[in-house]
Amino acid sequence: MKLVSAIIKPFKLDDVREAIAAIGIEGMTVTEVKGFGRQKGHTELYRGAEYQVDFLPKVKLEIATKAENLDHLLEAITNAAHTGKIGDGKIFVTDLEQVIRIRTGETDSEAL
């Protein structure tokens, strides 16, 4: 089992959700986050004053999946979140040791 964490632009969330649903993966956790990478933020103008925005709004998706679904999931996220511009985001993949569904007590891939 794998845990996929993807940081994407907020306006791409619906596209990514649809792409994931299309390949049959159900369930994800979405968190609104702020951060920066190579972008290093940007400057904005507010009431005539210029100020630096260091942390940009992003969305973090967390998706647990079976190892055999990983390649399809990564491809779906990458294609749906891609704009070709700086700040498209990143995907992190980690091993998932154990999953337990609290309601039924099912474990591992049965709990996904």
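Let me start with one pair of side chains, Asp-14 and Arg-17, which form a salt bridge whose closest N and O atoms are 3.8 Å apart. I should say at once that this is a predicted model, and that the distances I quote are computed from it. Both Asp-14 and Arg-17 belong to helix H1, which covers residues 13-22, and they sit three residues apart, about one turn of the helix. Asp-14 is partly exposed at 45% relative accessible area, and Arg-17 is also partly exposed, at 43%.

In general, side chains of opposite charge can pair when their charged atoms come close. The count for this model comes to six salt bridges, and I will mention two others. Lys-12 pairs with Asp-15, with 3.4 Å between the closest N and O atoms; here Lys-12 counts as buried because its relative accessibility, 12%, falls under 20%, whereas Asp-15 is partly exposed at 34%. Further along, Glu-106 and Arg-101 meet in a salt bridge at 2.5 Å, N to O, with Glu-106 partly exposed at 28% and Arg-101 partly exposed at 27%.

Now to the fold as a whole. The chain has two helices and six strands, and along the sequence they follow the pattern β-α-β-β-β-β-α-β. Of its 112 residues, 27% count as buried, and one of the buried residues is Ser-5, at 11% relative accessible area, which is found in strand S1, residues 2-8. Leaving aside residues up to four places away in sequence, Ser-5 touches Lys-60, Leu-61 and Glu-62, and also Lys-90, Ile-91 and Phe-92. Across the chain, among contacts between residues at least 6 apart in sequence, 69% join residues at least 24 apart.

How values were computed:
Residues are numbered from 1 along each chain as its sequence is written. This is a predicted model: local features need pLDDT of at least 70, side-chain atom pairs count only at pLDDT 80 or more; totals for chains, interfaces and linings use all residues. Side-chain values use heavy atoms; hydrogens and water are left out. Helices (H or I, at least four residues) and strands (E, at least two) are DSSP runs, numbered from the N terminus. Buried means under 20% relative accessible area, exposed over 50%, partly exposed in between (1.4 Å probe, protein chains only). Contact means heavy atoms within 4.5 Å. A salt bridge is a side-chain nitrogen of Lys or Arg within 4 Å of a carboxyl oxygen of Asp or Glu.
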